Amino acid sequence: MLRVVFLAVPPDIQILDLTGPFEVFARCGGYRVELFSSAPGESVRASCGLKVGEAKDYRRLRGAVDTLLVVGGDGAEAINCDEAFLSWLRSMSSRVRRIGSICTGACILGAAGILDDRRAVTHWKYCGQLAESTPHATIETDPIFVKDGHVYTSAGVTAGIDLALALVEEDHGRRRELEIARDLVMFLRRPGGQSQFSSLLAAQASSLQPIEDVEAWVLDHLRDDLSVENLAARCGMSPRHFARVFSSEKGMPPGRFIERARVQAARTLLEESGLRVKEVAVKCGFGSSDTMRRSFVRVLGVTAGDYAAHFRRDESQARGAHV
């Protein structure tokens, strides 16, 4: 029995950071799964209002631990834990086979120095903050999870389940991992990274009505000629001035915004329609499937063909299950 310890760091954990991965290990069998806390004697409270129950005091953790996972949650990025706890965590990192984090739990690992000289990831909202607070680590923004030596970090919330499945595969093989993924109705491997979930088109609101108007027009006319010259003309601006104002207001150049808008529209068609990749490319303004493939790789880290195949395979399996 491999011992897996989840470590909750109050004030509030994210409930899925704990229960999702916990369920994977518990369902697999072959693991002894336990919950400890950095605040002994308190119920483990989730940000959604649920209480998980009283966890064990981390200072009473005895015996060999195979895998130690730090749970993220509201306030974890603020590093509200004392030096005694961080010192204990540093010591534990050299005594376990694997140590890791779910979501903003990476901030706790970073505060303990465990991420120094390593690659890591956290929830996309906090990647910048983690990079600032952990200057000796390389913080990546897109992976669902990152393995660097015996240290594992995962992206936001449900990415902890992806990480737990990967750890099950390491221990028990791909077949067992696949069985659990099917049982939980999950991807065995998600297409793309977490950037596809990070509100690609949620650019900051603009105070300039012409910019807001041209944004709305673009989303309704993805097949049109969306050159800077044409968009600038719609706003009554010179191309250079338009590009500068758009970038300032939306946080990205017009070309990048258009590419991401087309990728988002293509994703929806690939997921919900029976159209071929080539047809989707034309409908979304890419012109060719090769151009769309390159854009998908840049934005999502996966080709459009692989993205489509993933969803259609799942749909086929679902139909087969009901025959």
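Contact here means heavy atoms within 4.5 Å, a cut-off worth keeping in mind for the views below, which are taken from a predicted model.

**View 1. Arg-3 and its contacts in strand 1.** Let us start close to the beginning of the chain, with Arg-3 in strand 1, which spans residues 2–8. Arg-3 has a relative accessibility of 9% and so counts as buried, since buried means under 20%. Setting aside neighbours within four places in sequence, Arg-3 touches Arg-32, Glu-34 and Phe-36, together with Leu-61, Arg-62, Gly-63, Ala-64, Val-65, Asp-66 and Thr-67.

**View 2. Helix 1 packed against helix 5.** Here helix 1 (residues 15–28) meets helix 5 (residues 159–172), with the two axes 7 Å apart and at an angle of about 25°. That angle makes helix 1 roughly parallel to helix 5, because angles under 35 degrees fall in that class. The crossing of helix 1 and helix 5 is right-handed. On the helix 1 side, look for Gly-20, Pro-21, Val-24, Phe-25 and Cys-28. Helix 5 answers with Gly-160, Ile-161, Ala-164, Leu-165, Leu-167, Val-168 and His-172. Sorted by character, the residues of this contact between helix 1 and helix 5 comprise nine nonpolar, three polar and no charged.

**View 3. The loop residue Thr-104 and the backbone of Gly-73.** Thr-104 sits in the loop that runs between strand 7 (98–101) and helix 3 (105–111). Is this residue, Thr-104, buried or exposed? With a relative accessible area of 2%, Thr-104 is buried. Its side chain has a polar atom 3.0 Å from the backbone nitrogen of Gly-73.

**View 4. Arg-256 in helix 10, with Ser-295.** Our last close-up turns to Arg-256, a residue of helix 10 (residues 254–272). Arg-256 counts as partly exposed, at 44% relative accessibility. Ser-295 lies 39 residues from Arg-256 along the chain, and the C-alpha atoms of the two are separated by 9.8 Å.

**View 5. The whole protein, for orientation.** To place the close-ups, step back to the full fold, which holds 13 helices and eleven strands. How much of the protein counts as buried? Of its 323 residues, 46% do. Among contacts between residues at least 6 apart in sequence, 65% link residues at least 24 apart.

Conventions:
Residues numbered from 1 in each chain as written. Predicted model: local features only at pLDDT ≥ 70, side-chain atom pairs only at ≥ 80, totals over all residues. Heavy atoms only, no water. Axes fitted to C-alpha atoms, helices over the stretch in contact; angles between N-to-C directions. Helix = DSSP H or I, 4+ residues; strand = E, 2+ residues; numbered from the N terminus. Parallel < 35°, antiparallel > 145°, perpendicular 65-115°, else oblique. Left-handed = near helix turned anticlockwise from the far one by under 90°. Nonpolar A, V, L, I, M, F, W, Y, C, P; charged D, E, K, R; others polar. Buried < 20%, exposed > 50% of the residue type's maximum accessible area, 1.4 Å probe, protein only. Polar contact = N/O pair within 3.5 Å; in protein donor to acceptor, adjacent residues only side chain to side chain.
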